[in-house]
Amino acid sequence: MGIKKWIPVLIGIGAVVFTFFLWKALSSKERAHLEQKVQLKAADLRDDIKNDIESRIMALLRMAKRWEVRGMPTREEWESDASLYVKHYAGYQAIGWVDPSFKLRWVMPAGGDDDGHGFEDRKSALLAARNSKEPRITRSILFPDGSKGFLVYVPIYTDGGLGGFIAGVFRSQDLLDSMLKEHELQGISIAVYDGNEELYKGYDESEDYGFADERAISLYGAEWYVRVWPTFEYLKEARSWLPDTVLFTGLVTSGLLTLMVWLGMMAELRAENAEQINQDLEREVFERKRAEEEAQLRAKEIERANSVLEHEVKERIKAEKAAERQAAELARSNAELEQFAYVASHDLQEPLRIVAGYVQLLARRYRGKLDRDADEFIDFAVDAATRMQRLINDLLTYSRVGRQKEFTTVDCKELLKHAVTSLKASIDESGAKVVWGRLPVIYADPSQLDHLFMNLIGNAIKYRGSAPPEINVSAQERDGEWVFCVRDNGIGIDTKHFERIFVIFQRLHGKTEYPGTGIGLSICKKVVENHRGRIWVDSMAGKGSSFYFTIPKA
Ligand code: ADP
């Protein structure tokens, strides 16, 4: 729109400039026409003035010629002749005779203020007339009444030489008035000058419009010029309405054109805007429709997802109920199993003790008295009975752990000290070193924790390497629970056995390598789970093991 905005203005300016030039051209043409008219008039007037003055001078010449031919007239004759001239020809102020010594002798009409005025002051004209033997006109003269005029000297040559001069005195205003009255001078201003002196004034003082035509008139030594120009009235009348009408119409048309172009552009702009708005609207409608469709699609998807979710929730509730049922079932069967294990181990203890007692009695009393096979058989029976007793004891311990829970605040340091005291024999025998850092006071069942520490430290001593065992017990607070760690420098455990070792009766070694029943760590697991904690191991074969367990703080 940047450049477009200027288009109406440019068109307007163009039209105005064109109008102005047209007006100017028409005005110039009109003025040229007028000038031409004035020029023609000026030339016409010049010729007429010249002819008229010449005819006046011709009258004087005729008088001089008569004088020359007939000889000097009597004064009466001459005066009647001259008075006829003055009467007949308008513009004559007077006619006189100047004698050869340049003295004015006769003058007609006689008397009056201005009859001979300036006759003798015009000697140069007289001399020029005498010398050239031709008529001569003087420069302009001022009459006593303030009017202007001139004199014409016509020399008279008789046989006896210069007979004087016929002098014609003219009032220029009257003379030219009489000459010009036959001319159509409507609307024309005229002035006749002799040099700077104005001989004739045919105009109104205020009227000079800077355009005039001047024509020179050369007459018997006089250098006049006639100046012609149109009057204001004439200018007004002669002036055609065409240029001004063209100017006015052109300006109005320019304005209208500018307005029309501007309106046209505005209309176009508005149409463009409307179209743009339409397009925007259409796009918006389209977008909205698409959004609605998308929303519907999404709503359908959500509906579908909801029904799937509902279905899943139902399934999950069903599964949870089933799990609950299974858990309850498991708990019940576990309890039954534990009860069975407890009862079995407890009830087996008595007959086993009798079997072991008698087998040992047999061994004591009959060793070396029967044959060698019998000695060996008895040894096997004693060994098996002892092993079975240990197994039954451990199983009993396992089933007893947690049967009676007595939770209280326990100082772990005291508990650990007690465990170390209980294990004093094996610690001394192995040369083990047990150290611990800051241990917390926790809420727990002390008898169960005693089993836990005893088993972990006991294992750390049992599964030692070649070096004397070094056992470190520590605890760290983390996320609302205590994380305990029992670290040793023993034989370590392969990663693949990390889960297995916590299962009851699972052992990694034969009974000849390391004695044991495979129940210790399962007791530990049971104790930790009774406290809602977790237990795990981190180890590398040959690099020692770290057993971790957690006890929640609350
Ligand atoms: P037991 O010691 O009677 O064999 P446990 O349940 O206490 O039974 O241990 C299970 C197995 O875990 C052990 O047979 C042994 O191989 C391994 N084990 C337990 N503690 C350690 C330990 N501190 N270092 C190396 N191995 C261990």
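1. Three elements, α10 (446-462), α11 (520-530) and β17 (545-552), each contribute at least two residues to the shell around the ligand. Of these, α10 gives the most, with three residues. The model under discussion is a predicted one.

2. The ligand is surrounded by 21 residues, of which Lys 462, Tyr 463, Arg 507, His 509 and Leu 521 come nearest. By residue type, the shell comprises nine nonpolar, nine polar and three charged residues.

3. Polar atoms of the protein approach the ligand from both side chain and backbone. On the side-chain part, a polar atom of Asp 488 is placed 3.1 Å from a nitrogen atom of the ligand. On the backbone part, a polar atom of Leu 508 lies 3.3 Å from an oxygen atom of the ligand, and a polar backbone atom of Gly 520 is likewise 3.3 Å from an oxygen atom of the ligand. The ligand on its own has 520 Å² of accessible area, and the protein covers 98% of this.

4. As to the site itself, the ligand takes up the space of the largest pocket.

5. A separate point concerns helix α1 (residues 6-70). With 65 residues at 1.5 Å a residue, α1 should span 96 Å; the C-alpha atoms at its ends are 94 Å apart, so the expected and modelled spans agree. Just after α1 comes Gly 71, which takes a positive phi of about 90°.

Technical notes: Residues are numbered from 1 along each chain as its sequence is written. This is a predicted model: local features need pLDDT of at least 70, side-chain atom pairs count only at pLDDT 80 or more; totals for chains, interfaces and linings use all residues. Side-chain values use heavy atoms; hydrogens and water are left out. A residue is near a molecule or strand if one of its heavy atoms lies within 4 Å of it. A polar contact is a pair of N or O atoms within 3.5 Å; within protein, one must be able to donate a hydrogen and the other to accept it, and residues adjacent in sequence count only if both atoms are side-chain atoms. Accessible areas come from the Shrake-Rupley method with a 1.4 Å probe; for residues, only the protein chains shown count as cover. On a 1 Å grid over the protein atoms alone, a cavity is a set of points where a 1.4 Å probe fits but cannot get out, and a pocket is an open set with protein on both sides within 12 Å along at least five of seven lines; lining residues have an atom within 4 Å of a point. A molecule sits in a cavity or pocket if more than half of its atoms lie within 2 Å of its grid points. Helices (H or I, at least four residues) and strands (E, at least two) are DSSP runs, numbered from the N terminus. Ala, Val, Leu, Ile, Met, Phe, Trp, Tyr, Cys and Pro count as nonpolar, Asp, Glu, Lys and Arg as charged, and the others, Gly among them, as polar. The expected span of a helix is 1.5 Å times one less than its number of residues.
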